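Trainee: I should like to request a close look at the interior packing of this chain. Could you take me through it in one connected account?

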Amino acid sequence: MKKNIVLFSLFILPIVAYLFFASGVHNFTHLPTVTKSIPDLNNWKDEKGQQFSLEDKITILVFPGTKILYNKGDAFNLNQKIYEKVMGFKDFQLICVAPIGSEAQTVELKEELGRICDMSKWNYVFASPTEIKEYYNQLNLIGQLDENLRTPNVFIVDKERNLRGRKGKNKKGEPEYKEGYNSISAADLHNEMGDDIKIILAEYRLALKKNSADRKK
């Protein structure tokens, strides 16, 4: 049994990792920055009083609004198409900025999703409506929050707090701009966000290899 585990680790896992990173089909080898150095999370806390930071983490940033359970289909899509596939990476987290007063809804949703997936890297922080609006405006995005402080778009933030997306030309040479990924659409998450997350993870993976090689010189 131990021999089989060792063989699996030596041969199968590297192949799986290669296929994961190599399967992206997007035009970019480096995912462009949409907004540079977005603000950190203002010491907002989760329902247990714990604080989180965007610094030194690859973050999926979500604004679920006040009707969290009503829109739980968005969370299910995100869980299945993105979160479940990348939560094993050490420096990954998912942060939802939710309105104060929605704590009970978030606990119920996490319990429901927790029946099918480890939710330890899926977190909610709570802020007032005014704070959420002010914070979102500092992201300098085209899309806006609705009257419930929600957007179905979810965002990729790198370790330097840069919001990343698509700016430039696609594979057909046509102008392309994408600041967020529509959590209502399983296809958008699976195809476009899935590709772009792989690019971000590959960037840091290559940087780690380069730093390791430089130290050995």
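Mentor: Of the contacts (heavy atoms within 4.5 Å) in the protein chain between residues at least 6 apart in sequence, 79% join residues at least 24 apart. The model is a predicted one: local features need pLDDT of at least 70, side-chain atom pairs count only at pLDDT 80 or more, and totals for chains, interfaces and linings use all residues. Numbering runs from 1 along each chain as its sequence is written, and side-chain values use heavy atoms, with hydrogens and water left out.

The chain contains five helices and nine strands; these are DSSP runs numbered from the N terminus, with helices being H or I of at least four residues and strands E of at least two. Of its 217 residues, 44% are buried, where buried means under 20% relative accessible area, exposed over 50% and partly exposed in between (1.4 Å probe, protein chains only).

A nonpolar core is here a set of buried Ala, Val, Leu, Ile, Met, Phe, Trp, Tyr and Cys residues joined through side-chain atoms within 4.5 Å. The largest has 32 residues, and those touching the most other members are I60, L78, L94, W122 and M193. Two or more residues come from each of β2, α2 (72–86), β3, α3 (103–113), β4, β5 and α5 (186–216). The greatest contribution is that of α5, with seven residues. A second core, separate from this one, comprises 22 residues, among them V34, I38, L61 and Y135.

W122 merits its own description. Setting aside neighbours within four places in sequence, W122 contacts A75, L78, N79, Y83, L94, C96, K110 and L113.

Y135, named above in the second core, leads to helix α4. In this helix, residues 129–137, the buried residues are I132, Y135 and Y136. They lie on the same side of α4 because they span an arc of only 95° around the axis, the arc being that of the directions from the helix axis to the C-beta atoms. An α-helix has 3.6 residues a turn, so residues three or four places apart point the same way. The cover over the buried residues of α4 includes β2 (58–62), β3 (92–99), β4 (122–127) and β5 (153–157).

Strand β8, residues 175–178, offers a last example: E176 and K178 form its covered face, and P175 and Y177 the uncovered one. In a regular strand the side chains alternate between the two faces of the sheet.
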